[in-house]
Each structure stands twice: as structure tokens, then as C-alpha cells.
Amino acid sequence: MYLVKIIDNFDLSTVDDHLLTASETASPDVILVRSSQVPDRFITPRLLLIARSGIGTNTINLTASTTNGTAVFNTPGANANAVKELIIQCLFQAVRPLCQAIRETAKLTADPLQPAAEQQRQVFIGSELYGKTIGIIGLGTIGQRLADTCYHLGLQVIGYNRSPKNLQHVRQVADIAEVLTQADFVVLLLPLTTETSRIIDGPKLALMRPSATLLNFGRGELVDNSAVVQAVQDRQLKAYITDFPHRDLQNIPHIWQLPHLGGNTREALSHSTNLTFQNTQDFLTAGTVRASVNFPTADLPFTSPDRLTLFFKDRPGFWAEVDSLLTQNHIPVEEMVVNTRDSVGYILMNTTLSLAQRQHWTALRQALMAVSGMIRVRLLANASAPFSPSI
């Protein structure tokens with residue numbers, strides 16, 4: 001049984017109650033989180049994984065998690081359609097004052113209503129998206145879906161991604177400046193990193209057309225708020241729409257703030273939650289890694305009674321030392337998969353331990369942990385084996 005610290009709202013009723021139990025412990029095995037900050041104090045030696053329902057992991061200390069041997073999972077693509085549809089809705093609102101028209105029509109008391117309503121149509125003249133140019137900065141799953149939809153709406157689509165994508169309907173450009181100078185609408189869909197923090201500042205905003213609208217659905221910190229306020233007030237920028245509200249942007253004309261609605265649909269929330277639970281269950285029971293931001297991907301059928309998982313700092317000679325130790329202790333390697341990512345590696349190894357080897361597991365684990373670079377060692381038992389997993 002693994003102890004789970006729940007941050008935000010999760011319903012564990014659909015999860016195997018023999019695997020997870022909610023707890024207010026300060027040293028959980030698992031943390032489930034949506035968009036809230038994960039306090040560093042919970043990253044203890046016991047913590048096996050942090051499962052984020054959603055894509056952004058800027059609220060999680062990835063460096064501390066990796067050093068601790070804690071896997072961090074997210075659910076890329078789970079809310080892609082929801083975010084795409086919200087951006088499309090904002091694009092329509094940017095060119096057609098629908099909300100204002102609805103509010104003003106609701107105030108009318110004339111009867112018949114339609115002639116009176118039509119008399120104020122002149123106030124609500126808009127423009128069309130067709131033929132305009134949209135620039136998408138960040139061509140991940142959301143960006144690709146948005147590009148495809150915009151193309152079929154008749155927009156010209158240009159885009160920038162650090163590594164070019166093979167996309168049919170997007171004219172990809174070499175740098176962000178080209179997007180900013182050419183687009184009528186610029187959509188930010190980048191993750192937040194040290195490189196992307198405040199990537200849109202005063203000089204970048206000065207490149208944009210005064211008639212252009214900037215839409216931020218990546219992360220709030222991608223934009224210098226003071227610079228965007230100045231640009232809007234100086235009419236160097238028509239409007240700024242963000243899904244990441246901030247006090248500095250409040251009650252300023254032509255700045256629209258949404259309460260982080262991107263993935264806030266029933267479908268997206270359900271899909272993301274299901275993926276979060278699946279990632280968690282697969283990692284706890286089999287060590288499987290499919291959607292981690294700090295562990296290498298690793299998947300291997302669990303066909304043996306036992307399995308070792310090793311998370312380590314990648315270095316020459318590491319496996320030779322581990323293999324020598326396993327040989328000395330007569331631990332068979334039946335099947336194995338190994339993968340590396342950046343400076344770390346991860347091994348899934350199927351094996352069969354004797355009763356004596358299981359009884360002396362603590363000593364063997366200590367020996368494995370003594371190998372230079374080893375960060376975390378786990379022994380997992382197949383569901384049919386009468387042995388409880390160790391962390």
C-alpha cells in the first residue's frame with residue numbers, strides 16, 4: 001500500500017484501493033497534483049513519484065526530484081483539444097465583439113425587440129479571421145492542432161519551434177522575430193524554462209504590428225507583464241489575452257484575463273485524470289515510464305516473478321559494476337531494457353529471486369546503492385508472487 005498526498009482535487013474511488021490510500025503524511029510515496037505548487041518539503045527519500053495531471057511542471061522542483069530519484073510524470077496531449085478550442089473561441093471574440101453584443105441586447109426593453117436591437121448593430125461591426133495570419137510559437141500537440149484548425153478556417157499559418165516539425169499547413173520560420181513581425185495574431189504555447197522566461201519583452205513587442213493581438217496559453221511568465229501593459233496603453237499592441245491572470249494586468253482596457261480555463265472541460269479533466277492514474281499505477285507496480293519529464297522512457301513486459309529497477313547517474317562502466325555485483329550474488333538477468341536521458345539512466349530488469357535472496361534483499365540493495373552514481377533501487381514483485389515490493 002502506497003501513501004498518497006493529494007494536492008488539488010482527485011477522486012481515488014476508481015483506483016485499486018489495495019495500491020493507493022490518501023494520507024496527510026509529510027512523507028508520502030506518491031504526490032498527485034494539478035496546477036498547484038508542490039512544496040519541496042514533500043520531496044523526501046520515500047517519495048517515489050509526482051504525478052501531474054496536465055502538462056506544465058514549473059510548479060515542481062525537477063532538480064530536487066531527479067536528485068532524489070523521484071519520477072515526475074505529466075499528461076502531454078490530454079487537454080490539447082480543450083486548449084485549442086478555447087484559443088479558437090478567443091480568436092473569434094478578438095475580431096467579433098460577441099460578448100458585448102449579447103450584454104447590450106439583454107438590456108433592451110423595446111417590443112418588438114429585433115428592430116431596436118438592429119439599430120445598434122453599427123456599434124458591433126467586426127472583422128473576419130479568413131485571410132489573416134496567425135503565428136504559433138511552440139508547435140507541440142496543442143500548436144499542431146491549432147495550426148490545422150486555423151488553416152481550415154482560412155488563416156495563413158506561420159510558426160516557430162526550436163526543432164522544426166513536419167507539418168503540412170505551417171510555414172515554419174527560423175526565429176521568433178519573424179513570427180512577431182508578420183502575424184495578426186500571435187499565440188504563445190511554449191513551456192516555461194530558463195530560456196523562455198520573459199521571452200516576450202519590450203523589444204519583442206515592438207516588433208509586432210499595432211493591429212496585432214497577443215494570446216498567451218503557454219505560461220504567464222513567458223511575457224513581461226509591465227512591457228505588455230505599456231505596449232497596450234501606447235497602442236503598439238491591439239490586445240493581450242492570457243489564461244494566466246496577474247494583478248498587474250487587472251482592469252486594463254484591451255487586456256483580457258481568463259482564470260486558467262485551458263484544460264477546464266469535462267472531457268479533458270477526465271482524460272488527464274485517467275492518464276495520471278494509469279501512469280502512477282504502471283510505475284508503482286512495474287516501474288514502467290512512459291510520460292516522465294525527468295526519467296528516461298522504459299517499458300518491458302513483466303513476465304518474471306521479480307523485477308529490479310535502477311535509476312542512476314549515467315557514466316562509463318556503470319553497468320559493468322552492477323553486472324559484476326549481480327553475478328556475485330547469483331541474480332539472473334532474464335530480460336532487461338536500459339535507456340538514458342540527459343545525464344541519468346534507468347534500467348528495468350526481469351529476474352527470479354530465490355527465497356534466500358529475497359530474505360537478504362536489504363543487504364543486496366545496500367550493495368547496489370553503494371555503486372557510484374546509483375540514485376534509487378527498487379525491487380518489485382509480480383502480482384502473482386508472494387513478496388511485497390520494497391522502495
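The following exchange examines a predicted model, proceeding from its open sheet to its cores and individual loop residues.

This is a predicted model in which local features need pLDDT of at least 70 and side-chain atom pairs count only at pLDDT 80 or more, while totals for chains, interfaces and linings use all residues. Residues are numbered from 1 along each chain as its sequence is written, and side-chain values use heavy atoms, with hydrogens and water left out.

Student: Which strands stand at the edges of the open sheet?

Tutor: The sheet has 7 strands in the order S8-S7-S6-S9-S10-S11-S12, with parallel pairing. Strands are DSSP runs of E with at least two residues, helices are runs of H or I with at least four, and both are numbered from the N terminus; two strands pair if DSSP finds at least two bridges between them. Each edge strand has a single partner strand, so one side of each is left without a neighbour in the sheet; these strands are S8 (171-172) and S12.

Student: In S11, what is the bridge partner of Thr 213?

Tutor: S9 (residues 185-188) is joined to S10 by 4 bridges, and Phe 185 has Thr 213 as its bridge partner in S10. S10 and S11 also pair in the parallel sense over 4 bridges. In S11, the partner of Thr 213 is Ala 239.

Student: Through which helix does the chain cross from S10 to S11?

Tutor: S10 pairs with S11 in the parallel sense. The connection is a right-handed β-α-β crossover, meaning that, with the strands pointing away from the viewer, the path from the first strand over the helix to the second runs clockwise. The helix on this path is H8 (residues 225-233).

Student: Which residues of S10 point the other way from Thr 213 and Leu 215?

Tutor: In a regular strand the side chains alternate between the two faces of the sheet. In S10 (residues 213-216), Thr 213 and Leu 215 point one way, and both directions carry buried residues, buried being under 20% relative accessible area with a 1.4 Å probe and protein chains only. Those pointing the other way are Leu 214 and Asn 216.

Student: How many residues of the largest nonpolar core come from H8?

Tutor: A nonpolar core is a set of buried Ala, Val, Leu, Ile, Met, Phe, Trp, Tyr and Cys residues joined through side-chain atoms within 4.5 Å. The largest has 29 residues, and those touching the most other members include Leu 214, Val 228 and Leu 237. Strand S7 (156-160), helix H6 (176-182), S9 and H8 each give two or more residues to this core. The largest share comes from H8, with 5 residues.

Student: At what distance does the backbone oxygen of Leu 47 lie from a polar atom of the side chain of Thr 70?

Tutor: Thr 70 is found in the loop between helix H1 (62-68) and strand S5 (71-73), and its relative accessible area is 0%, so this residue is buried. Leaving aside neighbours within four places in sequence, its contacts (heavy atoms within 4.5 Å) include Leu 47, Asn 294 and Arg 376. The backbone oxygen of Leu 47 lies from the side-chain polar atom of Thr 70 at 2.7 Å.

Student: Is Ser 23 buried or exposed?

Tutor: Ser 23 is in the loop between strand S2 (20-22) and strand S3 (30-33). Its side chain reaches the backbone nitrogen of Thr 25 at 3.1 Å. Because its relative accessibility is 18%, Ser 23 counts as buried.

Definitions and conventions:
Buried means under 20% relative accessible area, exposed over 50%, partly exposed in between (1.4 Å probe, protein chains only). A polar contact is a pair of N or O atoms within 3.5 Å; within protein, one must be able to donate a hydrogen and the other to accept it, and residues adjacent in sequence count only if both atoms are side-chain atoms.
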